[in-house]
Amino acid sequence: MIPHVLPTYNRAPLSFERGEGAWAIASDGRRYLDLGAGIAVNVLGHANPDLVAALTEQAGRIWHVSNLYQIPQQERLAGMLVDATFADTVFFTNSGTEAAELAIKMVRKFWDHAGDPDRIEIITFEGAFHGRSTGAIAASGAEKMVKGFGPLMPGFRTLPWGDIDALEAAVTDRTAAVMLEPLQGEGGIRPIADEDLRRIREICDRTGALLVLDEVQCGVGRTGRLFAHEYAGVTPDVMMVAKGIGGGFPLGAVLATEAAAAGMVAGTHGSTYGGNPLACAVGCRVMEIVADPDFLAEVNRKGALFRQKLEGLVASHPDIFEGVRGQGLMLGLKCKAAPADLVRAGYDEGILTVPAADSTLRLLPPLNIGDEDIAEAVQRLDRAAARLAG
Ligand code: PLP
């Protein structure tokens, strides 16, 4: 008999009752060091007092009003995002997938508005993950996501990850946009080199294609900059954000330049919940904390510390691990063993990690994780690796 909850996930037999910072506490009282953070969501850990206060203060006033009215919390958060980034304007969503959908719509509307409605081809890269809607799976093109869900939304072409020469050959003045994650998450913590991102920007500038960056997983301080593309010193035309921006409350956003958002006038897009007062009250508090340069400097320091310890772990388990990659606190262990086996061995050692493609184990702790928890995490990973080796 089908379970009451549609079985689209292979769930671990773990259920968590509460959390404290980087720790999740299971219903049997066992404590797990949470290096998944809800897949890069809980940027300030579990039950962060600042976020609890922001949420409960707002909850005592008003939970929800329609986007038919002014929403001051939404305007404040949009202002913070505009001030901190390339963007001139923001639309709020409830998730990364919805942000991807709007980004795709925005690209199409941009060219329609420019009098070129047939210019619809969006170039994406293998290993990309933009969500599970019909548009987002078409953008990814991966067999496991699209099989059985055809016919797919037309207009996407997928190139090998990071193949800038292939991109150079593929982008013409008929290309609508190039869309990518500056640091792939689900694809296996695979970064695009800074000089390659700069080349992609140049190719877009030369042909007029829009550059759409998906920073749903790598944004909001995760890499040690507020947004990962800042390392390359270039800016996109459109950017998707979600996960970390809500610190655990469902919230996403599309950020865009005024030019890229041309044509997105009243009636062209909408959402019942997107940018609701509860979500935006939390989002504002997340931004106040995470966008602070001192906070981001700490993410970098802790990322370097974690990475150095992980290099030691790789050296002591050469049969299990191949290397470390990523940036800031978005780290991946490239594995020789199956990442799913390591995740399971981690459960036995009281640590939560997340598998990814390309034989990678993802480590995405809260950005305010303490140094002692980083040391503890590496010890637990060491014991998990020993379990597999033994
Ligand atoms: N884009 C990226 C890069 C992601 O990592 C994800 C989720 O993992 C999404 C989009 C989809 O976001 P959501 O699951 O919030 O819809």
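Strand E4 gives the second largest pocket the largest share of its lining, 4 residues. Keep in mind that this is a predicted model.

That pocket holds about 570 Å³ of space. It has 26 lining residues, and those closest to its centre are Gln74, Thr89, Val90, Phe91 and Phe92. Besides strand E4 (89-93), at least two lining residues each come from helix H3 (72-84), helix H4 (96-113) and strand E12 (252-256). Sort the lining of the second largest pocket by class and you get 15 nonpolar, 10 polar and 1 charged residues.

Now for the ligand. Around it sit Ser95, Gly96, Thr97, Phe129, His130, Gly131, Glu181, Glu186, Asp214, Val216, Gln217 and Lys243. By class, that shell has 2 nonpolar, 6 polar and 4 charged residues. Here are some of the distances between ligand atoms and protein atoms:

| Ligand atom | Protein partner | Distance |
|---|---|---|
| Oxygen | N or O atom in the side chain of Thr97 | 2.4 Å |
| Nitrogen | Polar backbone atom of Phe129 | 3.1 Å |
| Oxygen | N or O atom in the side chain of Lys243 | 3.1 Å |

On its own the ligand has 390 Å² of accessible area, and the protein covers 84% of that.

One of the residues around the ligand, His130, is worth a look of its own. You'll find His130 in the loop between strand E5 (121-125) and helix H5 (134-140). Is His130 buried or exposed? Its relative accessibility is 3%, so His130 counts as buried, the cut-off for that class being under 20%. What does the side chain of His130 make a polar contact with? The partner is the side chain of Asp214, at 2.7 Å. Asp214 is also listed among the residues around the ligand, so both ends of this contact belong to that shell.

For a contrasting case, turn to Ala47, in the loop between helix H1 (37-40) and helix H2 (49-59). With a relative accessibility of 53%, Ala47 counts as exposed, because that class takes in values over 50%. Along the chain, Ala47 and Arg18 are 29 residues apart, and 8.1 Å separates their C-alpha atoms.

Note on methods:
Residues numbered from 1 in each chain as written. Predicted model: local features only at pLDDT ≥ 70, side-chain atom pairs only at ≥ 80, totals over all residues. Heavy atoms only, no water. 1 Å grid on protein atoms, 1.4 Å probe; cavity = no way out; pocket = protein on both sides within 12 Å on 5 of 7 lines; lining within 4 Å. Points joined across faces, edges and corners; volume = space filled by probe spheres on them. Nonpolar A, V, L, I, M, F, W, Y, C, P; charged D, E, K, R; others polar. Near = heavy atom within 4 Å. Polar contact = N/O pair within 3.5 Å; in protein donor to acceptor, adjacent residues only side chain to side chain. Areas by Shrake-Rupley, 256 points an atom, 1.4 Å probe, with all protein chains shown as cover. Buried < 20%, exposed > 50% of the residue type's maximum accessible area, 1.4 Å probe, protein only.
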